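I opened the notebook to go through this chain from the overall fold down to single residues. My notes follow in the order I looked things up.

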Amino acid sequence: MVATSARQGTPHRGCTLSWFVEGDGPPVVMIQGVGIGAEGWRPQVEGLASRFCCLCLDNRGFGASQPLGEPLTVELMAEDVLALMDAQGWASAHVVGHSLGGLVALYVAHRARERVRSLALLCTFASGAVPTRLTPRMLAMGLRTRLGTRRMRRHAFLRMVLAPEELARADPDALAQQLAPLFGHDLADQPPVALRQFQAMGRADATPFLGALTGLPTLVVSATHDPIAPPSAGQALAAGVPGARYVEVPNASHGVTLRFAERINALLREHLDRAEASRQAGSNSMQGTR
């Protein structure tokens, strides 16, 4: 596989999906969550591209993946992922998802199990009811990201995705400026598609088919202070997928992939290497029985 970081465009069901591929090795598809694009995986691509071929996309309706096209559903987003695998010529790939992206990854595995080599589900949940619940805490946090000055909204957003210990050590203005290119927008702003992504997520529930994913190498990672995808959701998800491995990162929150990239990358490398070794062993075993 040839390594490249040039953006590509693939039309699919009313949207020209924007994506890039970088690295060399076994194929890995990386799916982001609400209000963040392909560049949000940059810390992981930098840590994995020497050993894996990473495909990262802007989800439909976000960034360069325009227009939104059809009414947004998690099922449609899963179809988008499979369409990009087709465009790249990949019969199968490891699938990594963060938040909403983890839910999409589960639907990809449900739709086309034979095309998924493994799952890595980061700061996510089996049911979209978890992050969309209107608890007093979540309602207050969400409102603060939409009210006040731009500086106040940036700081409120950081409080949603960073742990208290991180915030105590950080310069929030400098950090917001540093993270903006990875999110694909100023943290004071919410992309127009974010509400539709939120609504689509709230309608999705992978719980009924988790048990059918038995035998699929699955890593579930939660962050101790995550208010969006709390550890209890990650634990329930891991318990629902027979054989899944669960890891909790302490002193971290929803932005763990950006703020604790070395820890996440080490977990991903270990998981992907194990899954590839198991796959190769299975292939050799099948050849030996012929």
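Before placing any residue, I fixed my terms: helices (H or I, at least four residues) and strands (E, at least two) are DSSP runs, numbered from the N terminus. I also noted that I am working with a predicted model.

**Entry 1: the whole chain**

I counted the elements. The chain has twelve helices and eight strands. Next I checked the overall dimensions. The radius of gyration is 18 Å, and the globule rule gives 19 Å for 290 residues, so the chain is as compact as a globular protein of that length. I then took the box along the principal axes. The C-alpha atoms fill roughly 70 × 35 × 35 Å.

How much of the chain is buried? I found that buried residues make up 55% of the 290. The chain exposes about 12,000 Å², and carbon and sulfur atoms supply 54% of that area.

I looked at contacts with a separation of 6 or more. Residues 24 or more positions apart account for 74% of them. For charges, I had 28 positive and 24 negative. Their mean positions are 3 Å apart.

**Entry 2: aromatic pairs**

I searched for ring pairs and found two. In one of them, the ring centres of Tyr-107 and Phe-209 are 5.2 Å apart with the planes at 90°, so I logged the pair as edge-to-face. This pair links distant parts of the chain. Tyr-107 sits in helix α3 (residues 100-111), while Phe-209 lies in the loop between α9 (194-203) and β7 (218-223). They are 102 residues apart. Both Tyr-107 and Phe-209 are buried.

I turned to Phe-157 and Phe-183. How are these two rings arranged: stacked or edge-to-face? Their centres are 5.2 Å apart and the planes stand at 85°; edge-to-face needs over 60 degrees, so this pair is edge-to-face. It also links distant parts of the chain, with Phe-157 in helix α6 (residues 150-161) and Phe-183 in helix α8 (residues 172-183), 26 residues apart. Phe-157 has a relative accessible area of 10% and is buried. Phe-183 is at 8% and counts as buried.

**Entry 3: backbone oddities**

I scanned the backbone next. The peptide bond from Gln-66 to Pro-67 is cis, with omega near -10°. Pro-67 is in the loop between β4 (53-57) and α2 (74-88).

Then I looked at positive phi values outside glycine. Ser-99 has one, at about 55°. Ser-99 is in the loop between β5 (93-98) and α3. Is Ser-99 buried or exposed? At 7% relative accessible area, Ser-99 is buried.

Cys-123 is another non-glycine residue with a positive phi, near 50°. I placed Cys-123 in the loop between β6 (116-122) and α4 (129-132). Cys-123 has 0% relative accessibility and counts as buried.

**Entry 4: three residues up close**

I started with Leu-258. It is in helix α11 (residues 256-259). Why does Leu-258 count as buried? Its relative accessibility is 17%, and the cut-off for buried is under 20%. Leaving aside neighbours within four places in sequence, I found Leu-258 in contact with Gly-40, Pro-43, Leu-179, Leu-182 and Phe-183. Phe-183 is the residue I had met in the second aromatic entry, paired with Phe-157. I also took a distance to Arg-113. Leu-258 and Arg-113 are 145 residues apart in sequence and 29 Å apart, C-alpha to C-alpha.

Val-104 came next. Val-104 is in helix α3. At 1% relative accessibility, Val-104 counts as buried. Which residues does Val-104 touch, not counting those up to four places away in sequence? I listed Ile-31, Val-74, Met-77, Ala-78 and Val-81. Val-104 and Ala-206 are 102 residues apart in sequence, and their C-alpha atoms are 9.2 Å apart.

I closed with His-94, which is in strand β5. His-94 counts as buried at 0% relative accessibility. Beyond residues up to four places away in sequence, the contacts of His-94 include Pro-26, Pro-27, Val-28 and Val-29. Arg-117, Ser-118, Leu-272, Ala-275 and Glu-276 also touch His-94. I checked Leu-167 against His-94 as well. The two are 73 residues apart in sequence and 33 Å apart in space, C-alpha to C-alpha.

Notes. Residues numbered from 1 in each chain as written. Predicted model: local features only at pLDDT ≥ 70, side-chain atom pairs only at ≥ 80, totals over all residues. Heavy atoms only, no water. Rg over C-alpha atoms; globule rule 2.2 N^0.38 Å. Buried < 20%, exposed > 50% of the residue type's maximum accessible area, 1.4 Å probe, protein only. Contact = heavy atoms within 4.5 Å. Areas by Shrake-Rupley, 256 points an atom, 1.4 Å probe, with all protein chains shown as cover. Lys, Arg positive; Asp, Glu negative; His and termini not counted. Charge placed at Lys NZ, Arg CZ, Asp CG, Glu CD. Phe/Tyr/Trp six-rings, centres within 6.5 Å; stacked < 30°, edge-to-face > 60°.
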